[in-house]
Each structure stands twice: as C-alpha cells, then as structure tokens.
Amino acid sequence: MAYRKVCDAQGGPLVGEVLQCSGGLDLDWDLNQEELQEPGPSMDRMQMQHVERQRPGRSDPGPDPDPELMEPIQPSVSVSPHGRFERLQEDPNYISHFTRAPGHKGQRRLHCFLLRYFLAGVGLFVLGLLIGRFAHAPTGKAPVPPSDSSDLLEELLRGITADKIDALQRSFASLSDDSEEARARYLYRQWVGLGLTDVHLFDHTVLVSLPGPTPNTITDRSSHQCFLPNGIPCDQRGQTEMPNQQFSYAAYSAVGSLEGEVVDVQYGSVDDLRRAKESLNLTNQIALVKLGQAPLLYKLSLLSELGFGGVLLYVDPCDAPPDRHIWHQAFRVTLNPGGNPTAVGVSREAGGSLTSLLVQPISAFLAKRLLSSPSTGQGGSCTPLAMPPNTERKKITLNIGNQSAYKKIYNVVGYLKGRRNPDRYVLVGSRHDSDQGGGASAIMTQLIATVTEQTKRGWVPDRTTVFCSWGGSALGNIGSYEWGEDNSVVLQSSAVAYVSLNSPVRGTETLRATASPSLLQLTTDIQRRQLLSCIRGGNCPRPNVSSLQLPGDVSFFANQLAVPTLEFAFEQTKAEETTSFLSEAQFSAESPGTLDPLSKFHETIAKMTAEAILRLVNDPVLPFYPLDIALDVQNKLKDNGAVSPALLSSASALRDRAAFFQSETMRPANDPKERDPSHVRMLNDVLRDLEKSFLIPRPPPGVYRNLLYSLPGKTPQFSILRFSKEVLLHRNGTSEAVKYNTVNQEVLQHSAVNQSLSLILRAIQSADRLVCFGLDLFENYPSDTI
C-alpha cells in the first residue's frame with residue numbers, strides 16, 4: 001500500500017501535533033477502492049505500528065511510520081477527503097481503533113478542510129453584507145435628529161416663516177365653499193398630507209342661534225323712525241348692507257318685540273344699577289349698557305334680577321383704540337357660556353334662548369342718538385357717552401327675530417404620539433370659523449408642518465401633542481366643549497396643558513401673553529427672548545404677562561378641567577380696566593392681508609407658540625412653577641381688610657412649602673444623573689394637579705370656576721371677592737327692607753364675603769395638602785434610584 005504525505009509534519013509524531021500545511025490544504029490521495037472496502041493485514045499492521053508509537057511516557061517523538069511498511073493503495077472513486085472519511089467510517093476497526101486516536105493525520109487534514117470552508121463561507125457572507133449595504137444605501141445623507149433641545153428649537157423656528165404662513169392663509173381664503181364643513185375637511189386633508197398620521201374629523205349636531213331673514217330693528221316711538229343696529233335708517237338700507245346687518249345680533253337672545261324706555265346704566269356696575277333703581281321703575285325697561293369692566297353674562301344676570309326686559313349693548317369709542325373707527329359698526333355677541341345649549345334644557349321649540357332678556361348690539365352712533373349725548377371725539381380727548389341730567393328718556397320698540405336650528409359643527413383633531421409618556425397630552429387649539437379669516441388655521445398648519453418635518457428626521461416628542469381645530473367657536477365655544485365633555489374622563493387624568501391660538505392677531509399695537517400662574521415663568525421667558533428680535537427692532541416693549549380670564553375655546557380647559565393654559569396674541573387695546581372684555585364684541589373680522597399684510601405678527605406668534613409646545617412636550621420635568629401659584633394667591637389677598645389671619649397664615653404656609661418643593665424636589669429631578677423615570681412621572685402628576693385645587697362649584701355668571709384667573713382691575717384680587725357685594729342685588733335687592741336698612745345690607749354683604757373667603761381657604765388648604773403629599777412621597781423615595 002502506498003501513502004504519499006503532502007502536508008509536512010516536520011518529523012514529529014501525530015499525537016498532539018499541529019499540522020503545518022504548505023501551499024493551502026491540497027491533498028493527494030492514491031487510494032485503492034477494493035483495499036478500502038476489504039481491509040487486510042496491511043491496515044492492521046499499520047494501525048498497530050501507529051499505536052506502538054503513541055505509548056505514553058516517551059519524550060522522544062520518534063520518526064514517522066516507514067512508508068515501505070504500508071501496502072500500496074489504489075486510487076479510490078472518491079477524490080475528496082470528505083468521501084474517504086465517510087467510507088472509512090463504515091469499517092468497525094477504524095471506529096474502534098483509529099477514530100479515538102487524537103493525533104490521526106486524517107482527522108487533522110479533515111479539520112484543515114473544514115476550517116478552510118468555514119473561513120471561505122464567513123468571507124463570502126461579510127462580502128455580501130458589504131455589497132448589500134453600499135448597493136442599497138441612499139445617495140443623500142441620512143437625516144440626523146438634532147442633538148439637544150436648543151438645536152431642535154432652532155430647527156423649529158427656522159422652519160417658520162412669514163411667507164409660508166401667508167401662503168397658507170391665501171390657500172385657506174381661496175376655498176370656493178366657505179362653509180364650516182368645507183373648511184374642516186380642507187384642514188383634515190392638509191394635516192394628513194403634512195405627515196400627521198392620526199387625524200380625525202368629528203361632527204356634533206347642536207342647537208345654534210342664527211339671525212332671522214330680516215335684520216333686527218330699533219324704532220324711536222317719538223319720531224316713529226326705524227333704525228338698523230348700525231344706526232342707518234331702515235328705509236335707507238341697501239342690498240350691500242344686508243349681510244352686515246344680519247351679522248349684528250346676540251346669539252341665544254330671547255325673541256319678540258318689546259316697548260320701553262331707554263335707561264342709561266353705563267357699564268352695569270353695582271353702583272350704576274343702584275342709582276338707576278333708586279330713581280326709576282326698571283320693570284320691562286330697556287337698559288343701554290357699555291361692554292367692558294365685567295363679563296357680559298354677569299351684567300345680564302344683574303339686569304334680569306332687577307326686572308329689565310331688554311338690553312342694548314355698545315362699545316364706547318373712548319374705550320376703543322384710537323385707530324379703530326367703530327362709530328358705525330355694530331357687532332355680534334353670544335350669550336352661550338359654552339357647549340350645546342340643549343344640554344341645559346334649551347330647545348328649538350322654546351325659541352332657543354338662554355335668557356329672558358331681548359338683547360341687541362348696536363353701534364356707538366345709534367347709542368349716542370338714544371342717549372341724546374353731546375359726546376364727540378375718540379381717544380385721549382374723548383368724552384364718554386352718557387345721558388345728560390334731566391334729559392327725557394326716549395321710548396323705543398325693540399324687535400328681535402333670531403332663529404334657532406339644529407346644525408352640525410366639525411372638529412379636526414390630530415395626534416402626534418409621544419414616546420416615553422404617550423398618555424400625557426399637550427393640547428394645541430385654534431378655530432376654523434370664517435370670522436377669523438384663516439389666521440389661526442394658518443399658524444396651526446404651519447406648526448404641524450414644522451413639527452412633522454422634525455419627526456421625519458428622527459425626533460419623537462416625550463409627550464403626545466394633540467392638535468385641535470374647533471368649530472362653532474363664535475357661538476359659545478361649542479366645538480371645544482362638546483369634544484372636551486366627550487373625553488373629559490381621559491382629559492382629567494391625561495391633559496397636561498392647553499396652548500391657545502383662539503385669535504392670535506386681533507391688532508398690531510400690543511403683544512400680550514395670558515397664562516395660568518403655573519406657566520407664568522415659562523410664558524415670560526419665551527416672550528422676553530422673542531422680544532429681543534421684535535418686529536419694530538430696538539424699540540421693544542417689556543414682557544406683558546397676566547393671568548386674566550379671556551373668552552375663547554381655552555375656557556373649557558381652564559374653567560372646567562383646571563388645565564394650565566397659555567396664549568400669545570397681538571391686540572389693539574390697552575391693558576386698562578375699562579377696556580377689558582371688549583373682545584366679547586365680535587366685529588366683522590378684518591382679513592389677515594389688511595391687518596398684517598406681511599404676516600410678520602403671525603410669524604412672531606407662531607414662533608412663540610412653537611417654543612412653548614416644545615418645552616411642554618419635551619422637558620422631562622414639566623415647566624410648571626408651584627411657587628408662582630403661591631405668590632399669586634398671596635398677592636390677591638394682600639391689602640384686603642376682610643381677610644382673616646388664619647387665611648393669611650395658610651397662604652404663607654403654602655408659599656413656604658411650594659418653595660421647598662420647587663427647590664428640593666424639582667431641581668434634582670432636572671439633573672440627568674438623578675433623573676428616574678418613575679420619580680419624574682410622579683412629580684409631574686403633582687405639578688399637573690395643583691391648579692385643580694382651585695376649582696369652585698358655582699361662580700357668578702361669566703366668571704371662571706378656576707380662582708387663579710382674575711378679572712382686570714387696578715389691584716389684583718379673587719373674582720369672587722370682587723363680586724361679593726353684588727349679593728344685595730341677587731337676594732331680594734328690590735325689597736324695601738334691604739333697600740333702606742343699612743344694617744341688613746352690611747349683614748348680607750359680610751355673609752357673602754365670608755362664604756367667598758371660605759371657598760378660597762379650602763382651595764389653599766387643598767393645594768397645600770397636595771404639595772405636602774409630594775414632599776412626603778419623594779422624601780421616602782429610595783435615594784439610590786434618584
């Protein structure tokens with residue numbers, strides 16, 4: 001048998017030897033098929049000699065087996081080591097004597113072949129991966145999300161431009177169908193097209209109050225002259241005047257005709273009404289009331305209690321901005337505090353009215369005529385409208401022909417889901433009714449476009465952002481109330497904040513920010529940074545931030561849920577007590593092209609809103625400051641002689657604990673090294689729920705349930721304390737006993753003040769307990785996990 005060794009064993013034994021192969025693993029085999037199939041003595045002799053050379057204890061490895069002792073082997077049918085190995089395995093002697101020999105050359109050669117194929121396979125696999133990677137790699141650079149929040153903010157602000165907002169406004173204004181449904185469906189398609197995947201279109205059937213087929217009228221009984229709400233004689237109206245006249249009405253007013261004397265009650269304050277009551281019989285008379293100083297619904301409730309049958313509303317030109325010419329402009333108001341009126345028992349068959357009063361807005365020009373007022377001018381040299389003393393009161397006939405109907409209103413709601421806290425919602429709300437000219441919708445759509453562009457680059461917010469465009473806002477925030485009430489259970493526990501775009505540009509004179517006390521610091525910081533590059537350059541006003549209650553869709557979230565809110569807006573009015581609540585008058589909206597032709601004011605509001613949204617959805621710890629709430633409470637209680645020492649002490653304790661909570665709990669949670677997800681989530685829940693402590697059950701009409709929002713005034717105070725003295729008009733204010741008995745007046749007023757102070761005390765104590773709960777919770781939190 002002949003054996004020819006191709007691999008050089010270098011003279012060593014087979015046992016424990018590392019086989020050195022030259023020139024790769026090419027082996028020559030000269031095998032005789034017949035000898036392999038029938039092993040004879042030669043194979044046995046070779047095996048024995050091989051075993052003999054493997055005796056233990058020998059240090060000298062010895063020479064290789066002599067090739068002459070081996071019988072010649074004829075060529076085998078198999079030409080590979082693998083084939084020979086399989087055929088040798090069939091021999092029982094091979095299995096018992098040779099396979100267990102650890103140093104057999106065939107095994108080592110087999111290992112070399114296996115290693116060769118393994119390395120070749122790995123090489124081909126890696127080569128395939130590389131080819132596939134470069135073959136399918138995009139030609140452009142892969143999008144990389146911004147490295148931190150400051151970079152992300154810069155990217156967001158860079159994506160918001162006046163040109164883009166202007167293009168969106170023009171696109172919105174070019175709709176051939178101006179109905180609310182058409183606008184809502186257009187927004188739905190836009191949002192989906194921008195990449196917002198989870199978008200819904202909701203409709204609600206509600207009772208709405210609309211103007212009648214003919215305008216409402218006011219007729220002077222002495223001259224028998226009929227006037228339209230803007231002061232134009234009825235016989236001089238033209239077809240072009242009809243839409244404007246039909247726009248001038250009070251939604252949900254009582255309908256019918258009333259004849260009575262005009263009574264000047266100025267702003268409808270308690271002193272104005274007391275003077276009128278002392279000198280006149282007010283039953284079924286018609287009050288002439290200025291808007292401002294107090295909510296309209298509150299004034300109407302007082303007038304109804306005093307027995308008035310009708311109300312004419314107007315805006316005094318002295319309260320309006322100097323460049324706003326309102327002499328011949330009538331307007332619209334709504335008497336709906338919010339939501340679908342059928343929820344409180346109002347029906348179409350009953351006329352769809354929410355009051356027993358016949359209410360009609362009129363122009364300042366017509367009010368001047370009815371008052372016989374000598375007032376002239378507007379602005380700083382203006383003399384306020386008032387009826388001169390000893391003037392004969394005019395008797396008029398008021399005709400109201402409003403109609404009620406059931407109608408569908410539409411809401412568009414889109415979700416951008418968060419990653420770490422998808423069950424915590426930051427809501428952003430605007431309106432899409434035709435009154436605003438598309439400015440709010442354009443800003444909202446621009447924000448969605450900018451945010452979704454960042455998500456395409458890999459950014460995902462921490463919390464879920466809910467973009468909402470409301471319908472039915474002009475008639476009492478119907479869309480937001482309906483959606484909010486349908487989802488109130490979820491919103492109570494999941495809503496974190498509400499960012500409002502109700503009417504972002506209603507003037508160009510003053511940049512105003514309104515926020516709940518929790519968000520005052522954040523709102524101030526944003527406004528200060530944006531004012532550094534303000535539109536007028538260099539001559540920038542100081543930050544103007546307050547917690548005043550404002551009308552709009554923000555009402556439901558601040559008033560019913562106590563969700564922290566904020567809103568940025570440009571206005572035309574000044575921050576004076578007499579000009580507050582003028583926004584309740586809905587004048588025909590100026591087109592954005594007229595009010596802001598370059599869309600620069602819209603761009604500023606969009607950028608400030610974008611920064612607020614980013615902070616609210618991305619900050620690990622919500623940017624709420626409980627100390628600001630405590631300071632706001634103390635500020636409203638100071639300089640009030642009716643406040644007891646116990647109430648002041650409770651407010652002081654809340655301030656101290658809130659300061660400690662803010663420094664010892666919120667500050668460490670903002671440190672990434674100490675930040676634990678469960679710790680931060682519990683902390684945020686405490687911050688979110690703090691304002692809920694200040695909800696009261698039954699506030700005066702038109703006043704927020706949330707005590708933290710105040711009414712405008714020279715000194716800050718709680719709204720319910722401001723209106724406590726009006727209890728005299730609500731509790732048998734017409735009786736002679738109360739009218740002339742000063743002692744009874746003082747007793748009633750003292751009782752009303754005490755009730756209000758009791759509500760405030762309970763709210764402070766509730767907030768204090770929540771802060772203490774947070775301190776106790778985190779004090780016992782394991783230190784190794786914080």
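Modeller: Let's start with vocabulary: helices are DSSP runs of H or I with at least four residues, strands are runs of E with at least two, and both are numbered from the N terminus. Keep in mind that this is a predicted model.

Colleague: Fine. Where does glutamine 266 sit in that scheme?

Modeller: Look between strand 5 and helix 10 (270-279): glutamine 266 is in the loop that joins them.

Colleague: Is glutamine 266 buried or exposed?

Modeller: The cut-off for buried is under 20% relative accessible area. Glutamine 266 comes in at 18%, so it counts as buried. Leaving out residues up to four places away in sequence, glutamine 266 touches Asp272, Leu288, Val289, Lys290, Leu385 and Ala386.

Colleague: Back up to strand 5, then. Which strands does it pair with, and in which sense?

Modeller: For pairing you want at least two bridges between the strands. Strand 5 (residues 256-264) runs antiparallel to strand 10 (residues 395-400), with six bridges. Its pairing with strand 6 (residues 286-290) is parallel, over three bridges. To find these by eye, look for glutamate 261 opposite lysine 395 in strand 10, and for valine 263 with its bridge partner alanine 287 in strand 6.

Colleague: There's another sheet I'd like to trace. What is the strand order in the open sheet of eight strands?

Modeller: Go across it as 1-11-13-12-14-17-15-16, with mixed pairing. Strand 1 (198-210) and strand 16 (545-546) each have a single partner strand, so they stand at the edges and one side of each has no neighbour in the sheet.

Colleague: What packs on that sheet?

Modeller: Helix 8 (residues 180-193) is one; it touches strand 1, strand 11 (403-416) and strand 13, and its direction makes about 5° with that of strand 11. Helix 22 (residues 677-689) also packs on the sheet, against strand 12, strand 13 and strand 14 (495-501), at about 35° to the direction of strand 12.

Colleague: How do strand 12 and strand 13 pair?

Modeller: In the parallel sense: strand 12 (residues 421-431) and strand 13 (residues 463-470) share eight bridges. One to look up is serine 430, whose bridge partner in strand 13 is serine 469.

Colleague: On to the cysteines. How many disulfides are there?

Modeller: One. To call it, you check for a pair of cysteine sulfur atoms within 2.5 Å. Cysteine 226 and cysteine 234 have theirs 2.0 Å apart. The torsion about that S-S bond is about -55°, so the disulfide is left-handed.

Colleague: And how accessible are the two cysteines, 226 and 234?

Modeller: Cysteine 226 is partly exposed at 23%, while cysteine 234 is buried at 15%. As for other cysteines, cysteine 468 is buried at 0% and cysteine 772 is partly exposed at 22%.

Colleague: One more loop residue: where is glutamine 549, and what does its side chain reach?

Modeller: Glutamine 549 lies in the loop between strand 16 and helix 17 (554-559). Its relative accessibility is 5%, so it counts as buried. The side chain reaches the backbone oxygen of glycine 702 at 2.9 Å. For a polar contact, the N or O atoms have to be within 3.5 Å. Not counting residues up to four places away in sequence, the residues glutamine 549 touches include Pro295, Phe581, Tyr704 and Leu711.

Methods:
Residues numbered from 1 in each chain as written. Predicted model: local features only at pLDDT ≥ 70, side-chain atom pairs only at ≥ 80, totals over all residues. Heavy atoms only, no water. Contact = heavy atoms within 4.5 Å. Axes fitted to C-alpha atoms, helices over the stretch in contact; angles between N-to-C directions. Buried < 20%, exposed > 50% of the residue type's maximum accessible area, 1.4 Å probe, protein only. Polar contact = N/O pair within 3.5 Å; in protein donor to acceptor, adjacent residues only side chain to side chain.
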